[in-house]
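The exercises below are meant to be worked with the sequence and the coordinates side by side. Try each task before reading the solution that follows.

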Amino acid sequence: MNNSFIQINNISKYFKEVKAVDDVSFEIKEGEFFSLLGPSGCGKTTLLRLLAGFEYPTNGNLLIDGTDITALPPDKRPTNMVFQNYAIFPHLNVEKNIQFGLRKLGLSNDEIVNRVKDVLSLVKLEGYEERFSNQLSGGQRQRVALARALVRQPKVLLLDEPLGALDKKLRDEMQLELRTLQKNIGITFVFVTHDQQEAISMSDRVAVMNDGKIQQLSAPNELYKNPKNIFVSDFIGETNFLKAETKSSDGEYINISIEGLGEFKIKNNLNIAANSSDVVCSIRPESMMISKVKSDWDICLDAKITQTSYLGEMTRFYVQAKGINKTITVSSQHFDNKSFENNECFISISLEDISLLNKK
Amino acid sequence: MIGFWKKIYAKHDSVKAYSLLSPALILIILAMVVPMALMLSFSMFTQVNMMEIDYTFTFQRYIDFFQKNLLVTLLIKSIKISFLVTLITLITAYPVCYYIAFYVKKNKMLWLVLLTLPFWTSYLLRVFSWKIILGTKGVINSSLINAGILNEPLTFLMYSETAVVITLTHAWAAFALLPLYVSLEKIDFSFIEAGRDLGLSRFEVFWKITFPLSLPGVIGAILIIFIPTVGDYVTPALLGGTDGRMLSNMIQAYFGKINNIPLGAASATIMLTTVVFITIIVSNVTKKLTQRLT
């Protein structure tokens, strides 16, 4: 397994004054399902288009499998793309669409027929050869786009928000299917999405982008549990931010004072400076416990429920805790909005669930 | 009585549709169907002398047409000139539309308006201005002579087929721009990117994706230019001389100076049929060719 299959070295892309991608460097492993995640305008699509060859970088260079592709046009690159709107040629049927990319590969007729047949069965579209784009559903179009890209057997498959246009149920199905497909054929996938749940559930590794820069690059569970900065913590999942100040530090541990909660000693994973007020604490809603009676957790607060919303698999409580002048969100699977009399409750927090982040 | 009509009106959608259509329908019947029928019937009469017409039905005028070499030659020439005009217009207008559709980001409308600006003046004025440009003492000739490049004016510029082709091309270009632009504008740029992504060069992408997808506009432009230019008689009359004369000039003469209305009507009918026939063939051939292309 080649750990630096795709090398992105100091890549920048400016559109006039706007820095769409700003000096980004990282590597993607061979056979990896890699996601670029971020809000719209963060540069993730530009980065993908740089890999595809639709844009050329202002600075830096790109390597795939050891070959410098920075200056190569799209037709000379070992990549293929699944477009956001699928871009199925409307004047060609499904079969011709899929054959389209094979003409320049110098294959025999038999081989072309076989490859088309194989890829159609891979994406479960046998029997749709004669259909045209306007006779297909959104999900089927997405499969055609996938087949058309995969039939060329690229080294890297680029996917530009391919699931964005599908409804929720179909999207969940396709997520699983794409993941299985990728593991079976072993091609490196670079997947662009703004949907954090999608990125987290499918990818081996995720690069979270904002303002043209990589904010954090790690495995999905790392992103969720140990966000490196306030942007990632906010963008991935839901969280509560609380005002805090750092006191003395002994390297591994740091003393902090959190507004309304008091002083605690917690692990300092991000090496945050001592005696600073430029920090915040992040606590995930589901890491807290809501209860009717006092618990023996590290922190237990008197609180009042102001509002609830029932979500089916869990209930979200908006609570006002003593000493904190900010509504805190807590989610629970064990209680619903009818469980609490007079809205009185207790909120319990474990110290290991508090992550300390720099404000900037 | 009024109640009765109201009921019918409310109940039957077709009555509504016809009453909406009726102004246009009446106009078309009066201005198109009636004259056409008149022309068809006149083509089957015989001109006896200057004043008299024999109204017995005969197909002799159609036989006359094909027996007169001049008329057949003029028909072929009309088609040839229109064909050249259509081809040149397409070749010049297509790249312009391509550029506006894909490379102009802002103010596309302004570009289109600027391109069609010359067409806000009258057709006749434009024909006359070409006379000023192409004439023996016109802009081209006098500047070439003054520059010492030529001793005598170029005669093929004026009163010739060339003059007719140039003038007609310019006169009808605007009508080609719009259908071409509309069909190119509709093409999603991601189709072109997908073509490149699938291993095709720019040139191949154009012939296998862009051009086939713009075909409705191309066929539209062909029809819009070919049909009216075949029958144009102002330009050949003013700029064509003897060399650039077209069948329509002859038809005009039959209805006027020569005063053989039946033969004129037969010529017009033959021309009309030929044009319809050619447009059907052209649009089918273009479609077939593109299918083979892709």
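**Exercise 1.** In which helix does Ser283(B) lie? Determine also whether Ser283(B) is buried or exposed.

Solution. The model is a predicted one. Start with the secondary structure: Ser283(B) belongs to helix H14 of chain B, which covers residues 261–293. Next, take the relative accessibility, which is 16% for Ser283(B); buried means under 20%, so Ser283(B) counts as buried. Finally, follow the side chain of Ser283(B), which reaches the backbone oxygen of Thr279(B) at 2.8 Å.

**Exercise 2.** Locate Gly148(B) in chain B, and decide whether Gly148(B) is buried or exposed.

Solution. Gly148(B) sits in the loop that runs between helix H7 (139–146) and helix H8 (161–185) of chain B. Its relative accessible area is 56%, and because exposed means over 50%, Gly148(B) is classed as exposed. As a further step, compare positions in space: the C-alpha atoms of Gly148(B) and Ala24(B) are separated by 59 Å, the two residues being 124 apart along the chain.

**Exercise 3.** Describe the contact between chain A and chain B, beginning with its residues and ending with the salt bridges.

Solution. Chain A contributes 22 residues to the contact and chain B contributes 18 residues. Between them the chains bury about 1,800 Å², of which 61% is on carbon and sulfur atoms. On the side of chain A, the residues that lose the most area to chain B are Asp75(A), His91(A) and Phe100(A), which together make up 28% of what that side buries. Turning to polar interactions, nine residue pairs are in polar contact across the interface, both residues of each pair being at pLDDT 80 or more. By class, the side of chain A that touches chain B holds eleven nonpolar, five polar and six charged residues. The count of salt bridges between the two chains is three, and one joins the side chains of Arg196(B) and Asp75(A), at 3.0 Å from N to O.

**Exercise 4.** How many residues of H4(A) are buried, and against which elements do the buried residues pack?

Solution. Helix H4 of chain A comprises 13 residues, 138–150, and spans 18 Å from its first C-alpha to its last, close to the 18 Å expected at 1.5 Å a residue. Eleven of the 13 residues are buried, which leaves H4(A) mostly covered; among them are Gln140(A), Arg143(A) and Leu146(A). The buried residues pack against E6, H2, H3, E7 and H5 of chain A, together with helix H9 (189–197) of chain B.

Notes: Residues are numbered from 1 along each chain as its sequence is written. Chains are lettered from A and ligands numbered from 1 in the order in which they are written. This is a predicted model: local features need pLDDT of at least 70, side-chain atom pairs count only at pLDDT 80 or more; totals for chains, interfaces and linings use all residues. Side-chain values use heavy atoms; hydrogens and water are left out. Contact means heavy atoms within 4.5 Å. Buried area is the accessible area (1.4 Å probe) that two parts lose on being put together, summed over both. A salt bridge is a side-chain nitrogen of Lys or Arg within 4 Å of a carboxyl oxygen of Asp or Glu. A polar contact is a pair of N or O atoms within 3.5 Å; within protein, one must be able to donate a hydrogen and the other to accept it, and residues adjacent in sequence count only if both atoms are side-chain atoms. Ala, Val, Leu, Ile, Met, Phe, Trp, Tyr, Cys and Pro count as nonpolar, Asp, Glu, Lys and Arg as charged, and the others, Gly among them, as polar. Helices (H or I, at least four residues) and strands (E, at least two) are DSSP runs, numbered from the N terminus. The expected span of a helix is 1.5 Å times one less than its number of residues. Buried means under 20% relative accessible area, exposed over 50%, partly exposed in between (1.4 Å probe, protein chains only).
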